[in-house]
Amino acid sequence: MKRIVLTFGLISGAILAAMMFMTLPFLEKIGSDKALVIGYTTMVLAFLLVFFGIRSYRDTIGAGRISFLRALSVGLLIMLIASVCYVISWEIIYHNFMPDFTEKYVARATQEARNSGKSPEQIAQEVEQMKQMMTLYKTNILFNLAITILEPLPVGIVMTLISALILRRREPKESLGTGLPDLQN
């Protein structure tokens, strides 16, 4: 199980990391909206490896059988490894190549709040909350890590649940009936 989980988790994590390293230098040109679409599309594609990992486990270790809970646990482990790779990649980029990320984020959020047509008091309140959150993000590594891992987790959990539901099988493939009547009796 360890080998399958590590293999598929690391490949999925490598896809997430590679896409992050390839797109972040072009963030200003791409724009944040398109970057979000690219990022979450990449997450869905990377987390397809959860499906293939569960299937590999079912077919090789489970002899064609796997319960929903076992499929879920294998998928969650694969997803967690990939998510940790995502976090490590972001931390490398953030600390080495984007030290001004929080300032740019607050500036963009401030501009979006101003463009929303909200009252000056609401804008000031939102900006102050955003500044406090970004200060915490910058100074508290555990908060930083928690916020970062929350990006891929929902996508990974959904992909894991869907994969576990699709791939669960109580009987080995060979013993499943063909659906045709038994004519030998």
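**Pockets and core, term by term**

Me: How does the lining of the second largest pocket split by class?
Reply: There are 8 nonpolar, no polar and 3 charged residues. This is a predicted model, where local features need pLDDT of at least 70 and side-chain atom pairs 80 or more, while totals for chains, interfaces and linings use all residues. Numbering runs from 1 along each chain as its sequence is written, and side-chain values use heavy atoms, leaving out hydrogens and water.

Me: What makes Glu 28, Asp 100 and Lys 104 charged, and Pro 25 nonpolar?
Reply: Asp, Glu, Lys and Arg count as charged, and Pro is on the nonpolar list with Ala, Val, Leu, Ile, Met, Phe, Trp, Tyr and Cys. Those four residues are among the ones lining this pocket.

Me: Why is a space called a pocket?
Reply: On a 1 Å grid over the protein atoms alone, a pocket is an open set of points where a 1.4 Å probe fits, with protein on both sides within 12 Å along at least five of seven lines; lining residues have an atom within 4 Å of a point. The largest pocket has 32 such residues, with Leu 27, Leu 36, Phe 101, Arg 108 and Glu 151 nearest its centre. They divide into 20 nonpolar, 6 polar and 6 charged.

Me: What does a volume mean here?
Reply: It's the space filled by probe spheres set on the points, joined across faces, edges and corners. That comes to about 960 Å³ for the largest pocket and about 190 Å³ for the second largest.

Me: Which residues does Trp 90 touch?
Reply: Met 20, Leu 24, Met 98, Phe 101, Tyr 137, Asn 144 and Thr 148, leaving aside residues up to four places away in sequence. Each counts because contact means heavy atoms within 4.5 Å.
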